[in-house]
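Grab your viewer and a coffee. Here are a few exercises to work through, each followed by a solution in steps.

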Amino acid sequence: MLPRLLLLATFSSIAFADIQFTSPAAGATLQAGKPITAKWKDSGDGTALTDLKTYTLFLCAGGNDAESILQLAPINANGQFSTGNEASATVAAAVGGPDKNAYFLKIQSVGTAGEQVVNYSDRFTLSGMTGTFPKNVQDGISKVSGTDGPPSTAQDAPEANAGAAGAEGDYAVAYTAQTGLIKYAPMQTPPGTKITADKMKPRYPTSKVQIAKTFLPTPKQTTTMTASQTRTHPQSRPFSAPAAEMPQDDMQKFLRRWRD
């Protein structure tokens, strides 16, 4: 029974392995304020790289469990695999601390059939960082030994007849309750086809507002990610006859005036 379980676990990890990061190298030390360059290749297992369409790439920090992982800054928030297997960006030194092997990259890929795969790079260090980590992230870092990043995950494509799914993951957390460096906004609500309400009322209860009397501190959030719109719009060809061609030269315009 035990060999069978080990075999199943092996195949489960292989099914999730789609992208293998080749840079930054495991245990590498990068300098804060300089571009972070990510490079990857097809791992040879799971979904082929040629079957992946788009991706989002983030700099992360924390432990190997989901509760201690913090997305710090986007490297490429709207990546296309057709443009190559490399992305680069510079992040602010204040987004995190200088802890050894605290950082790793997270790439979330979407396949041509709608399947989603999340892969992580090996861990590396960013020297010269001036920020600090929240306690849960710091605790996660302290529990890590070695340079392996978090385990990969995969999600099958949604069924064609499935109903609209609710918000998931970070998008399910109320916007005002989010404390990370990246905010997650829900999908925009499409307008209705008819106006049925005759009185306006707020969708949400009012909140208390305190007027600032002094300069407020600089916000720590680096960007806001909005959930992609999944609603599709039906299309049909126009059935009306095309408009008559308008006259071009002066004589045609003159004759057209007296056609009636």
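**Exercise 1. Find the residue in β8 that is the bridge partner of K106, then describe how the two strands are joined.**

Solution. Keep in mind that you're looking at a predicted model.
- Step 1: Go to K106 and look across to β8; its bridge partner there is Y120.
- Step 2: Now take in the whole pairing. β7 and β8 (residues 116–120) run antiparallel, and five bridges join them.
- Step 3: Follow the chain round the turn. This hairpin has four residues between its strands, and G114 takes a positive phi near 95 degrees.

**Exercise 2. Work out which residue of β7 stands opposite C60, and whether β7 is largely enclosed or open.**

Solution.
- Step 1: Look across from C60 and you land on F104 in β7.
- Step 2: Zoom out to the strands: β4 and β7 are antiparallel, with nine bridges between them.
- Step 3: Check burial, where the cut-off is under 20% relative accessible area. Seven of the nine β7 residues are buried, so the rest of the structure largely encloses this strand.

**Exercise 3. Decide whether L52 is buried or exposed, and say how far its C-alpha is from that of T112.**

Solution.
- Step 1: Place L52 first: it sits in strand β4.
- Step 2: Its relative accessible area is 6%, so L52 counts as buried.
- Step 3: L52 and T112 are 60 residues apart in sequence, but their C-alphas are 5.9 Å apart in space.

**Exercise 4. Sort the side chains of β6 by the face they point to, and find the partner of A38.**

Solution.
- Step 1: Walk along β6 (residues 86–89), and the side chains alternate. A87 and A89 are buried on one face, while E86 and S88 point to the other and are not buried.
- Step 2: A38 has A87 as its bridge partner in β6.
- Step 3: Four bridges join β3 (residues 36–42) to β6, and the two strands run antiparallel.

**Exercise 5. Name the residues with the most contacts inside the largest nonpolar core, and find which element supplies the largest share.**

Solution.
- Step 1: The largest core has 33 residues, and W40, L57, L59, L72 and Y103 have the most contacts inside it.
- Step 2: Several elements each supply at least two of its residues, including β1 (19–23), β5 (70–80) and α2 (135–142).
- Step 3: β4 gives the largest share, with five residues.
- Step 4: Pick L59 for a closer look. Leaving out residues up to four places away in sequence, L59 touches I36, L72, Y103, F124 and L126, among others.
- Step 5: Don't overlook the second, separate core: its eight residues include F58, F104, V118 and M225.

Terms used
Residues are numbered from 1 along each chain as its sequence is written. This is a predicted model: local features need pLDDT of at least 70, side-chain atom pairs count only at pLDDT 80 or more; totals for chains, interfaces and linings use all residues. Side-chain values use heavy atoms; hydrogens and water are left out. Buried means under 20% relative accessible area, exposed over 50%, partly exposed in between (1.4 Å probe, protein chains only). Two strands pair if DSSP finds at least two bridges between them. A nonpolar core is a set of buried Ala, Val, Leu, Ile, Met, Phe, Trp, Tyr and Cys residues joined through side-chain atoms within 4.5 Å. Contact means heavy atoms within 4.5 Å.
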